[in-house]
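Student: I should like to work through this structure step by step, from its overall fold to individual residues. Could we begin once it is displayed?

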Amino acid sequence: RDLRLWNAGAVIGIASGDPGGREAFLHLVNYGSPRQDDFPARIDGVFGKATSEAPGAPSRPLTPAKRGSGTEVTVDGLGRLAVIRFE
């Protein structure tokens, strides 16, 4: 699987990245109410840096953790959409 989301029933995710695997993006769309709670998201590939960007909000660094062949972050709150950039 390219990505996994837990405890985020109304959130749809799409993973994308470059063929070399040096950068990846996780696009999150929330079809429910704005979320104040945290939920984990994992993307395939190992990355050392993650940044969350959302409309009307400043960029925020996230703490990536290696999990098997993937990288996991905790998404802390989500309005309608966000893009997480992995490097």
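Tutor: Helices and strands here are DSSP runs, helices of at least four residues and strands of at least two, numbered from the N terminus. The model is predicted.

Student: How many helices and strands does the secondary structure of the chain come to?

Tutor: Along the sequence the pattern reads β-β-β-β-β-β-β-β-β. The secondary structure therefore comes, under the DSSP run definition, to zero helices and nine strands.

Student: What is the radius of gyration of the chain, and what does the globule rule give for 87 residues?

Tutor: The C-alpha trace spans about 35 × 25 × 20 Å along its principal axes. For 87 residues the globule rule gives 12 Å, and the chain is close to this value, so it is as compact as a globular protein of that length. The radius of gyration of the chain is 12 Å.

Student: Among contacts between residues at least 6 apart in sequence, what percentage join residues at least 24 apart?

Tutor: Of the 87 residues, 31% count as buried. The accessible surface comes to about 5,200 Å², with 50% of it belonging to carbon and sulfur atoms. As for the contacts between residues at least 6 apart in sequence, the share that joins residues at least 24 apart is 61%.

Student: In what order do the strands of the four-stranded sheet stand?

Tutor: This sheet is open, and its pairing is antiparallel. Its edge strands are β1 (3–5) and β7 (65–67), each of which pairs on one side only. From one strand to the next the twist averages 30°. The order is β1-β4-β8-β7.

Student: Which residue is the bridge partner of Lys 66 in β8?

Tutor: β7 pairs with β8 (residues 70–78) in the antiparallel sense, over three bridges. In β8, the partner of Lys 66 is Thr 71.

Student: Which strands stand at the edges of the five-stranded sheet?

Tutor: That open sheet has antiparallel pairing and the order β2-β3-β9-β5-β6. Each edge strand has a single partner strand, so one side of each is left without a neighbour in the sheet. The edge strands are β2 (11–17) and β6. The twist in this sheet averages, from one strand to the next, 25°.

Student: Over how many bridges does β9 pair with β3, and over how many with β5?

Tutor: β3 (residues 24–30) pairs with β9 in the antiparallel sense, and Leu 28 has Ala 82 as its bridge partner in β9. β5 also pairs with β9 in the antiparallel sense; here Ser 52 has Ile 84 as its bridge partner, and Ala 50 stands opposite Phe 86. The counts are six bridges for β3 and four for β5.

Student: Which side chains of β9 point to the buried face?

Tutor: The side chains alternate along β9. Leu 81, Val 83 and Arg 85 point to one face and are not buried. Those that point to the other face and are buried are Ala 82, Ile 84 and Phe 86.

Student: Is the aromatic pair of Phe 47 and Phe 86 stacked or tilted, and what is the angle of the planes?

Tutor: A pair of aromatic rings is described by the distance of the centres and the angle of the planes. The count comes to one aromatic pair, and the ring centres of Phe 47 and Phe 86 lie 5.8 Å apart. Phe 47 belongs to the loop between β4 (35–44) and β5, whereas Phe 86 is in β9 (residues 81–86), so the pair ties together parts 39 residues apart in sequence. Both Phe 47 and Phe 86 are buried, and their pair is tilted, with the planes at 45°.

Student: What is the relative accessibility of Thr 51?

Tutor: Thr 51 lies in β5 (residues 50–53). Leaving aside residues up to four places away in sequence, Thr 51 touches Ser 59, Arg 60, Pro 61, Leu 62, Val 83, Ile 84 and Arg 85. Buried means under 20% relative accessible area. Thr 51 counts as buried because its relative accessibility is 14%.

Student: How far apart in space are Leu 62 and Ala 50, C-alpha to C-alpha?

Tutor: Leu 62 is in β6 (residues 60–62), and at 11% relative accessibility it counts as buried. Not counting residues up to four places away in sequence, the residues that Leu 62 touches include Ala 50, Val 73 and Ile 84. Leu 62 and Ala 50 are twelve residues apart in sequence, and their C-alpha to C-alpha distance is 5.2 Å.

Note on methods. Residues are numbered from 1 along each chain as its sequence is written. This is a predicted model: local features need pLDDT of at least 70, side-chain atom pairs count only at pLDDT 80 or more; totals for chains, interfaces and linings use all residues. Side-chain values use heavy atoms; hydrogens and water are left out. Two strands pair if DSSP finds at least two bridges between them. Axes are lines fitted to C-alpha atoms, for helices over the stretch in contact, and angles run from 0 to 180 degrees between N-to-C directions. The radius of gyration is taken over C-alpha atoms; the globule rule is 2.2 Å times the number of residues to the power 0.38. Buried means under 20% relative accessible area, exposed over 50%, partly exposed in between (1.4 Å probe, protein chains only). Contact means heavy atoms within 4.5 Å. Accessible areas come from the Shrake-Rupley method with a 1.4 Å probe; for residues, only the protein chains shown count as cover. Rings of Phe, Tyr and Trp (its six-membered ring) pair if their centres lie within 6.5 Å; planes under 30 degrees apart count as stacked, over 60 as edge-to-face and the rest as tilted.
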